[in-house]
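Me: Hi! I have a structure open and would like to talk it through with you. Could you start with a loop residue and work outward from there?

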Amino acid sequence: MSCRVEFFSKPDLSILRNLSPAIDRFLNQTGTMSTHFKRLFALLACLQFVSAIAPPLAAADRPNILWILSEDNSIHYMRLYGDPLGAMPNVEKLAAGGLTFNHAFSNAPVCSVARTTLMTGILAPRVGFQYHRKSELANLPPGAKMFPAYLREAGYYATNNSKKDYNVVEGTVWDESSPQASWRKRPDKSQPFFHMQTTGVSHESSLHFSTEQMKQPTVTKPEDVKLPPYFPDTPTFRYTQARYNDRMREVDVQVGKILDQLKEDGLAEDTIVFYFGDHGGVLPRSKGYVYESGLHVPLVIHVPEKWQKLIDRKPGTRPDGFVSFIDFGPTVLNLAGVDVPSTMDGKPFLGEGVSVKEVESRDTTFGYADRFDEKYDLVRSLRKGRFKYIRNYQAFYPDGLQNNYRYRMLAYAEWRELYRQGKLNDVQKQFFQARPVEQLFDIEKDPHEVRNLSADADHQETLKELRAELQARVKGLPDLSFYPEPDMVKRALNDGAAFGQAHKKQIGRLVDIADLSLLPFSEAEPKLKTALKSKDPWERYWALISCSCFGEKANSLEFDTLRHLDESNLLVRVRAAELHGILGVLNPDSTIADALSKSESPVETLLILNTVVFLQDRDEGRKVKLDLKQIRSQGGEVARRLEYLGLKPPTSGKGGVKRGTAKKKS
Ligand SMILES: [Ca+2]
């Protein structure tokens with residue numbers, strides 16, 4: 001354990017006086033430095049010395065902090081946030097004496113990306129850990145650590161029980177991370193602790209039941225549930241939602257158990273407790289999507305009386321200011337009196353030096369979605385106050401694009417089947433159709449995000465404002481997702497943040513080319529033609545994606561894009577094939593098959609197969625002709641696509657879904 005000058009400890013200044021001769025000697029030996037710099041240097045040396053001899057701080061000096069996370073749940077199944085069927089007495093009791101945050105958000109709608117964001121306080125696309133799951137681990141910026149490492153350095157005992165799912169090189173973070181990890185195991189009971197406990201009872205896999213299992217009655221009555229308007233009203237959907245309400249009851253039992261342990265140990269009055277969801281979920285169109293159902297999480301924070309002095313909030317109140325996962329780690333550090341490192345993107349929302357007024361003025365959250373297992377779809381979102389802006393960079397992909405793990409849920413499979421049978425209304429159909437390149441929702445009036453206002457004359461000012469802000473964010477990070485994943489993995493992951501800074505201008509140009517799809521086609525067309533001739537392959541790559549976003553409007557560019565079908569860069573070639581598939585003039589299959597036979601990288605192959613599955617499912621009944629032997633790279637997540645395409649047998653037939661299954665928990 002290293003010691004430092006701590007927030008709550010006042011160093012004995014007599015030590016500094018005793019060190020005076022040593023400082024003088026030091027100053028004499030550093031003749032070339034400016035006097036100012038020498039004094040600063042000497043002071044730092046002194047402080048270092050003081051910190052080395054300062055006694056370790058006891059729990060009485062600092063709060064214990066306990067995080068209880070439930071997997072995959074948004075606010076939408078909790079009475080605390082308005083669902084009458086979502087009674088959670090233990091969480092509600094915690095909230096009655098604590099704070100219920102009305103606007104808490106994950107930045108990503110899936111485990112590994114959300115959890116890595118949470119632990120690092122860093123926006124994933126800035127460093128390169130935005131893909132679920134990683135094809136390779138990214139490095140954090142030099143000097144950056146996951147936040148519990150800083151707590152340990154400050155004398156805390158830090159434990160995790162037990163899910164991690166990180167996409168970065170972890171480093172030394174925990175005293176213990178295992179299903180047995182507990183504050184109870186800290187060697188010195190006077191040591192303050194940070195403990196993180198995840199309950200998986202509400203995980204997506206809890207809804208992977210079979211038709212047979214649907215005969216098991218639920219405590220929540222299926223006839224009582226209120227389905228969102230985008231779901232078809234069927235017994236399967238009602239049963240699934242009722243079953244999920246039951247799972248949330250179980251979450252509450254788990255929360256109660258761990259709170260009882262705290263009480264048994266006499267620690268309840270010393271411990272600040274956070275309860276929150278590790279991202280949204282988990283019925284269809286939630287986990288994996290930047291809608292509120294994927295990002296808007298419950299957050300309850302209970303601060304015992306002893307530590308009320310750290311916050312300026314009344315128990316039982318509901319803060320309205322927006323807080324995101326990047327802010328959670330900095331908040332814990334601040335509550336523990338530990339400095340928030342400058343490598344983090346978030347900022348504290350509780351603790352010393354935090355102004356309630358400032359936190360209440362926060363009204364923005366940034367969301368990102370990239371690859372989920374084998375499914376690629378680049379989406380960014382910005383919620384500001386009541387409005388939510390979504391930028392679909394590959395708008396031609398439907399939300400419902402195949403992801404094997406998602407479709408293990410009967411409700412998902414049934415929803416698509418009803419779509420194919422033409423049995424859905426316009427709102428229910430949206431999930432399986434190409435999306436607008438940008439969407440604007442009024443969350444207050446339209447909490448389920450089904451009425452896109454981006455073309456509404458009354459909302460053009462808001463649209464322009466949010467569009468500009470999102471553009472500035474992706475350029476400002478800069479967002480590494482503008483390089484396709486195989487390229488990012490190859491070049492950027494050693495130090496993604498530094499790589500991004502070094503390539504900021506180029507990324508800015510790629511964003512601008514992607515954003516040509518926001519213009520009227522007549523205005524975009526000459527600019528697209530110029531971009532298609534660029535010497536930079538990634539500019540051509542994004543020009544082709546922008547063309548695809550225009551769909552048949554881009555017919556006039558058919559001739560201009562023919563030559564890209566023979567490019568040496570396989571990904572540019574496949575984007576050209578994808579465009580021609582969308583235009584429906586040329587059959588793209590031979591171009592794609594050739595690229596698959598040449599690709600030497602599984603992650604590149606995975607990206608190519610995304611296009612194959614999209615084109616195949618777009619035209620129902622169409623079969624892209626592929627020969628397994630001709631697919632050169634079959635590692636990583638590629639097997640999932642090969643299973644779905646019928647080129648490899650499923651790894652598991654459980655869950656009532658024969659096609660496209662995968663064993664791995666997502
Ligand atoms: Ca999760």
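Reply: Happy to. Leaving out residues up to four places away in sequence, Ala 434 touches Ala 395, Phe 396, Pro 398 and Gly 551. Touching, or being in contact, means that the C-beta atoms, placed from the backbone, lie within 7 Å.

Me: Where is Ala 434 found?

Reply: Ala 434 sits in the loop between helix 13 (426–429) and strand 14 (438–442). Helices (H or I, at least four residues) and strands (E, at least two) are DSSP runs, numbered from the N terminus.

Me: How far apart are Ala 434 and Phe 396 in sequence and in space?

Reply: They are 38 residues apart in sequence, and 4.6 Å apart in space, C-alpha to C-alpha.

Me: Why does Ala 434 count as partly exposed?

Reply: Because Ala 434 has 18 C-beta neighbours inside 10 Å. A residue is buried with 20 or more other C-beta atoms within 10 Å of its own, exposed with 12 or fewer, and partly exposed in between, the C-beta atoms being placed from the backbone.

Me: Before we go on, what kind of model is this?

Reply: This is a predicted model, where local features need pLDDT of at least 70, side-chain atom pairs count only at pLDDT 80 or more, and totals for chains, interfaces and linings use all residues. Residues are numbered from 1 along each chain as its sequence is written.

Me: Good. Can I have the overall picture?

Reply: The protein chain has 24 helices and 14 strands. Of its 666 residues, 50% count as buried. Among contacts between residues at least 6 apart in sequence, 70% join residues at least 24 apart.

Me: Back to strand 14. What order do the strands of its sheet have?

Reply: The order is 11-12-13-14, in an open sheet of four strands with antiparallel pairing. Strand 11 and strand 14 are the edge strands, each pairing on one side only. From one strand to the next, the twist averages 15°. Pairing here requires that DSSP finds at least two bridges between two strands.

Me: And what packs on the sheet?

Reply: Helix 14 (residues 460–476) does, touching strand 11, strand 12, strand 13 (387–392) and strand 14. The direction of helix 14 makes about 120° with that of strand 12. Axes are lines fitted to C-alpha atoms, for helices over the stretch in contact, and angles run from 0 to 180 degrees between N-to-C directions.

Me: How many bridges are there between strand 11 and strand 12?

Reply: Strand 11 and strand 12 (residues 375–384) pair over eight bridges, in the antiparallel sense. Tyr 368 stands opposite Arg 380 in strand 12, and Thr 365 is opposite Arg 383. Two residues lie between the strands of this hairpin, where Asp 373 takes a positive phi near 55°. Strand 11 (residues 364–372) is mostly covered, with eight of its nine residues buried.

Me: Does helix 14 have a helix partner to look at? Which residues of helix 14 and helix 17 meet?

Reply: Gln 471, Val 474 and Lys 475 in helix 14 meet Ile 507, Gly 508 and Val 511 in helix 17. The two helices pack at an angle of about 145°, and their axes are 9 Å apart; helix 17 covers residues 504–514.

Me: Switching topic: which core residues touch the most other members?

Reply: Leu 151, Tyr 275 and Ala 336 do, in the largest nonpolar core, which has 175 residues. A nonpolar core is a set of buried Ala, Val, Leu, Ile, Met, Phe, Trp, Tyr and Cys residues joined through C-beta atoms within 7 Å. Apart from its neighbours within four places in sequence, Leu 151 is in contact with Tyr 156, Ala 158, Phe 194, Ala 336 and Val 338.

Me: What about strand 4?

Reply: Strand 4 (residues 157–161) has four of its five residues buried. Strand 4 runs parallel to strand 6 (residues 193–199), joined by five bridges, and Tyr 157 stands opposite Phe 193. Strand 4 also pairs with strand 5 (residues 176–177) in the parallel sense, over two bridges.

Me: Last one: how many residues of helix 5 are buried?

Reply: In helix 5 (residues 111–120), 10 of its 10 residues are buried. What covers them includes helix 6 (124–127), helix 7 (147–153) and helix 10 (325–335). Gly 121 follows helix 5, with a positive phi near 70°.

Notes
Contact = placed C-beta atoms within 7 Å.
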